[in-house]
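Hi,

Here's the structure I said I'd pass on. Have a look at it first, and then read on for what turned up when I went through it.

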Amino acid sequence: MQLPDYAIEARGLVKTYAATKTTPEMQALRGVDLAIPRGSIFGLLGPNGAGKSTFINILAGLCRKTSGTVAIWGRDIDERPRDARAAIGVVPQEIAADPFFTPRESLEVAAGMYAVPPGQRRTMELLTALGLADKAEAYVRQLSGGMKRRLMVAKAMVHNPPVLILDEPTAGVDVELRRQLWNYVLELNRRGVTIVLTTHYLEEAQELCDQIAIINKGQLVACEPTTTLLRRIDTRKVLVTPEEPMTAAPALPGFETHLLSSGGFSVGYRTGHSSVEQVLAAIRKAGLHIKDISTEDPDLEDVFVSLTYAAEPAQA
Ligand code: ADP
């Protein structure tokens with residue numbers, strides 16, 4: 001069988017939540033075109049309420065789209081819903097582990113739901129890969145939060161799907177555990193599994209993802225290789241140490257400022273619109289005396305802010 005070019009392909013995807021007695025109609029996705037290349041580690045970023053979960057819930061079959069088309073692994077979700085669903089594993093945001101099953105039983109039940117024949121189940125392989133082999137017979141309620149989360153990843157992989165979706169996978173997970181989780185995710189990717197992750201950890205997306213899509217208010221703001229995205233961005237930051245430590249960031253007209261824990265502050269500016277000279281002039285005009293300054297290269301946080309909130313958003 002020929003493999004699809006795209007693990008996931010959405011065209012003109014719209015989702016409108018109907019109005020209720022207390023909430024107005026809400027257009028959560030406003031015509032999203034998104035093609036996720038097979039074999040990539042793809043990051044879906046966006047602020048709260050951007051529409052990320054809605055998108056994932058449509059893929060997972062938990063939410064009905066209003067219009068548009070979606071194919072998972074080349075299988076249209078309307079025409080071949082079961083085949084489409086069999087091609088993805090979804091690790092949800094919330095930990096939803098059954099307290100009365102052991103991890104081994106939990107995976108067996110999940111495999112059963114996907115009709116994986118007993119001879120083809122990979123229960124111990126998955127538990128071992130996620131560092132849970134010695135907990136195979138423990139009760140889930142005895143596992144730590146991080147272990148439960150790894151168990152969720154194992155559960156999403158029981159049917160060996162070619163696409164794994166992780167919805168905010170490391171929220172509330174400590175650094176050590178995050179490493180472990182990523183090691184496994186990277187290993188899966190090396191074996192050919194396409195990874196899609198939504199995250200607020202922009203650094204993480206920058207580090208892990210080869211492609212990044214940014215969504216805001218139900219619309220795609222950017223979608224490109226991580227390196228291109230970083231290169232495209234024209235925001236810079238000036239870090240200022242004032243003579244007197246400050247307790248609040250100064251208001252500088254036309255610039256975004258943030259207080260730093262050192263008592264200094266940062267000033268963001270766009271190279272296309274202003275210069276360091278203008279930043280310095282604004283600081284002086286505010287009556288502040290500068291002890292030291294340095295500049296910082298853009299990271300994904302800057303990309304995100306600039307693409308999401310800029311008056312003139314870059315072309316998607
Ligand atoms: P994100 O995951 O990026 O935070 P969501 O997809 O959860 O965004 O939400 C997108 C928008 O749709 C938000 O304004 C949210 O309030 C709204 N929304 C999400 N789920 C529902 C729902 N079940 N009913 C009505 N509105 C919803």
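To start you off: how many bridges join strand 12 to strand 13, and do the two run parallel or antiparallel? The answer is four, with the strands running antiparallel. Before the rest, please keep in mind that this is a predicted model.

Staying with that corner for a moment, strand 12 covers residues 256-259, and its Leu-259 has Phe-265 of strand 13 as bridge partner. Five residues sit between the two strands of this hairpin, and Gly-263 there takes a positive phi near 95 degrees. Strand 13 (residues 265-270) also pairs with strand 11 (residues 235-242), again in the antiparallel sense, this time over six bridges. If you want a register check, Leu-239 stands opposite Ser-266 in strand 13.

Now the overall layout. The chain is divided into domain 1 (1-87 + 161-233), domain 2 (96-157) and domain 3 (235-297). The centres of domain 1 and domain 2, taken over C-alpha atoms, are 24 Å apart. Their contact takes 14 residues from domain 1 and ten from domain 2.

The part you'll probably want to open up is the largest pocket. Its volume comes out at about 950 Å³. It has 33 lining residues, and those nearest its centre are Arg-85, Ile-88, Gly-89, Tyr-114 and His-159. Two or more lining residues come from each of helix 1 (52-60), helix 2 (81-86), strand 6 (88-91), helix 3 (103-113) and helix 5 (145-156). Helix 1 gives the largest share, four residues. By class, the lining has 20 nonpolar, seven polar and six charged residues. Domain 1 and domain 2 each supply at least three residues to this lining.

Two of those pocket elements also tie into the sheets, so to speak, and here is how.

First, an open sheet of four strands runs in the order 2-1-4-5, with antiparallel pairing. Strand 2 (26-37) and strand 5 (75-76) are at the edges with a single partner strand each, so one side of each has no neighbour in the sheet. Strand 1 (residues 6-17) and strand 2 run antiparallel and are joined by nine bridges, with Ile-8 opposite Ile-36 in strand 2. Helix 1 packs on this sheet, where it touches strand 1, strand 2 and strand 4 (67-72), and its direction makes about 115 degrees with that of strand 1.

Then there's an open sheet of six strands, in the order 6-7-8-3-9-10, and here the pairing is mixed. Which strands stand at its edges? They are strand 6 and strand 10 (219-225); each has a single partner strand, so one side of each is left without a neighbour in the sheet. From one strand to the next, the twist averages 15 degrees. Towards the strand 10 edge, strand 9 (residues 211-216) pairs with strand 10 in the antiparallel sense over six bridges, and Asn-216 stands opposite Gln-219 in strand 10. As for strand 6, helix 5 lies across it and strand 7 (163-167), running at about 165 degrees to strand 6.

That's what I have for now. Shout if anything looks off when you load it.

Cheers

Definitions and conventions:
Residues are numbered from 1 along each chain as its sequence is written. This is a predicted model: local features need pLDDT of at least 70, side-chain atom pairs count only at pLDDT 80 or more; totals for chains, interfaces and linings use all residues. Side-chain values use heavy atoms; hydrogens and water are left out. On a 1 Å grid over the protein atoms alone, a cavity is a set of points where a 1.4 Å probe fits but cannot get out, and a pocket is an open set with protein on both sides within 12 Å along at least five of seven lines; lining residues have an atom within 4 Å of a point. Grid points are joined across faces, edges and corners, and a volume is the space filled by probe spheres set on the points. Ala, Val, Leu, Ile, Met, Phe, Trp, Tyr, Cys and Pro count as nonpolar, Asp, Glu, Lys and Arg as charged, and the others, Gly among them, as polar. Domain bounds come from an automatic or database domain assignment. Two strands pair if DSSP finds at least two bridges between them. Axes are lines fitted to C-alpha atoms, for helices over the stretch in contact, and angles run from 0 to 180 degrees between N-to-C directions. Contact means heavy atoms within 4.5 Å.
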